[in-house]
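Grab a pencil and work through the exercises below. Try each task yourself before you read its solution.

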Amino acid sequence: MKMSSSVFILDNGGYTAKVGSSSESAQAIPNCITKAKSEKRRPFIGNQIEECRDISGLYFMLPFQKGYLINWDVQKTVWDYIFSKECCSVNLNQTSMIITEPPFNFPSIQEAMVEIFFEEFEVASLLRINPSTLSCYNYRHKNSTSKCCIIVDVGYSFCHVIPYVNDLKIKAGIRRIDVGGKLLTNHLKEILSYRQLNVMDETYVVNQVKEDCCFVSQDFYGDMNIAKRLKLEENSIVKDYVLPDFTTVRRGYLTEPGTNADQQVLRMNNERFMIPEILFHPSDVGIKQMGIPEAIIDCLKACEQETWPHLLSNIVLTGGSSKFPGFQERVQKEVRALAPDEYAIEVHLPEDPITYAWEGGKLLSKDPGYANLIVKREEYEEEGQALCYDKFDI
């Protein structure tokens, strides 16, 4: 059988699915179905949310819970939309599909996924792979001299720290922290609702507040002292966030305090850096786990000592929450403080950490060895799930 004409990469994240053909660039599509209070009858699938006139009080139906795909009806609906003419217009019978899944995914989820793609979507061939493996491939492709790297994937439900040596995942070194973008948004909702305005139903808007306002502090106690200052002219951290009114303001924005008297605002002070701080100290919200810098050092200890200098000089940050201003510098500083002095530390933040794994999939699809990684539909029909277990080393 000749190789199918096109490869479609589906980086199936808990918050956004990064999708597109290997001949195009990636689209980030919300991996959910949303319903609005004002338009109850109509569900918005994926990026149809942009057509919603009033995004206050949105109700979300998510396929992922705690990082794992469990709601297949919602996921199938989103996938159907992605492959439709309205979105990516994919001819699945002629397509080789690369789909991502989290590390240590449950076998039942893996089986259901393979079954759906071969038996319902009838794709020509399939590759099921971790997004971190695609990120590693992308990084190694651009840095061919580096034999090792640590991928730090700061996702929607979890942070994963995964070491790779000679392109092989060191499973004993994988560390997971139960903190991600979802927890940060939920914690910000609780703080704002307690201090200022009830926003417990405003997940979508508060997520935008988080993205627009928050930064990672380089000197937490120094910034805390600045945030305590009552005089606005002495407090460089305090800002007002103008909330959207969905007529003139579609998305909120940051402004200097006191300049928007006629609009509804949230006064953002120490919340701006306390929320991302949870990534470094999960115990702040009662999660008894180590923060990202300690997890990097702990994952290192599970690898051979001769790989340490190579791993520490190739730390790669991916995922939406790695985009907080100051995140890269803080990880660099804290890993430097924890690591042995004789090793150089280099933390790399890609231009777009959200689509970085997808770009790796695009590069992998053009690799001469790609044909050896996939399972073709005829092979699946002959040998079934057992072949997928052998082929896809997750």
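**Exercise 1. Find out how strand β15 (residues 239–242) is joined to β16, then place both in their sheet.**

Step 1: Look at the pair itself. β15 and β16 run antiparallel, with three bridges between them. Strands here are DSSP runs of E with at least two residues, helices are runs of H or I with at least four, and both are numbered from the N terminus. For two strands to pair, DSSP must find at least two bridges between them.

Step 2: Pick out one facing couple. Tyr241 has Leu254 of β16 opposite.

Step 3: Widen the view. The sheet is open, has three strands in the order β16-β15-β17, and pairs in antiparallel fashion. Its edge strands, β16 (253–255) and β17 (265–268), each pair on one side only. On average, neighbouring strands of this sheet are turned by 30° against each other, direction ignored.

Step 4: Add the helix. Helix α5 (residues 203–213) lies across β15, β16 and β17, at about 140° to β15. Angles run from 0 to 180 degrees between N-to-C directions, with axes fitted to C-alpha atoms, for helices over the stretch in contact.

A word on the ground rules: this is a predicted model, where local features need pLDDT of at least 70 and side-chain atom pairs count only at pLDDT 80 or more, while totals for chains, interfaces and linings use all residues. Residues are numbered from 1 along each chain as its sequence is written, and side-chain values use heavy atoms, with hydrogens and water left out.

**Exercise 2. Work out which strands pair with β12 and how its side chains point.**

Step 1: Start with β11 (residues 148–154), which is joined to β12 by seven bridges and runs antiparallel to it. A hairpin of four residues makes the connection. Cys149 has Tyr164 as its bridge partner in β12.

Step 2: Go on to β13 (residues 168–169), joined antiparallel to β12 by two bridges. Here Tyr164 is partnered by Lys169. The hairpin has two residues between the strands, and Asn166 takes a positive phi near 50°.

Step 3: Add β14 (residues 175–177), again antiparallel to β12, with three bridges.

Step 4: Check the side chains. In a regular strand they alternate between the two faces of the sheet. In β12, Cys159, Val161, Pro163 and Val165 point one way, His160, Ile162 and Tyr164 the other, and all are buried (under 20% relative accessible area, with exposed over 50% and partly exposed in between, using a 1.4 Å probe and protein chains only).

**Exercise 3. Is Val161 buried or exposed, and which residues does Val161 touch?**

Step 1: Val161 counts as buried because its relative accessibility is 0%.

Step 2: Find the residue facing Val161 across the strands: that's Arg175 in β14.

Step 3: List contacts, meaning heavy atoms within 4.5 Å. Leaving out residues up to four places away in sequence, Val161 touches Ile150, Ile151, Val152, Gly173, Ile174, Arg175, Ala295, Ile296 and Cys299.

Step 4: Try one distance. The C-alpha atoms of Val161 and Ser132 are 9.0 Å apart, with the two residues 29 places apart along the chain.

**Exercise 4. What is the order of the open sheet that contains β4, β5 and β6?**

Step 1: The order of this three-stranded sheet is β5-β4-β6, with antiparallel pairing. At the edges sit β5 (43–45) and β6 (59–61), each pairing on one side only. The twist from one strand to the next averages 25°.

Step 2: Zoom in on β4 (residues 33–35), which three bridges join to β5. Ile33 has Ile45 as its bridge partner there.
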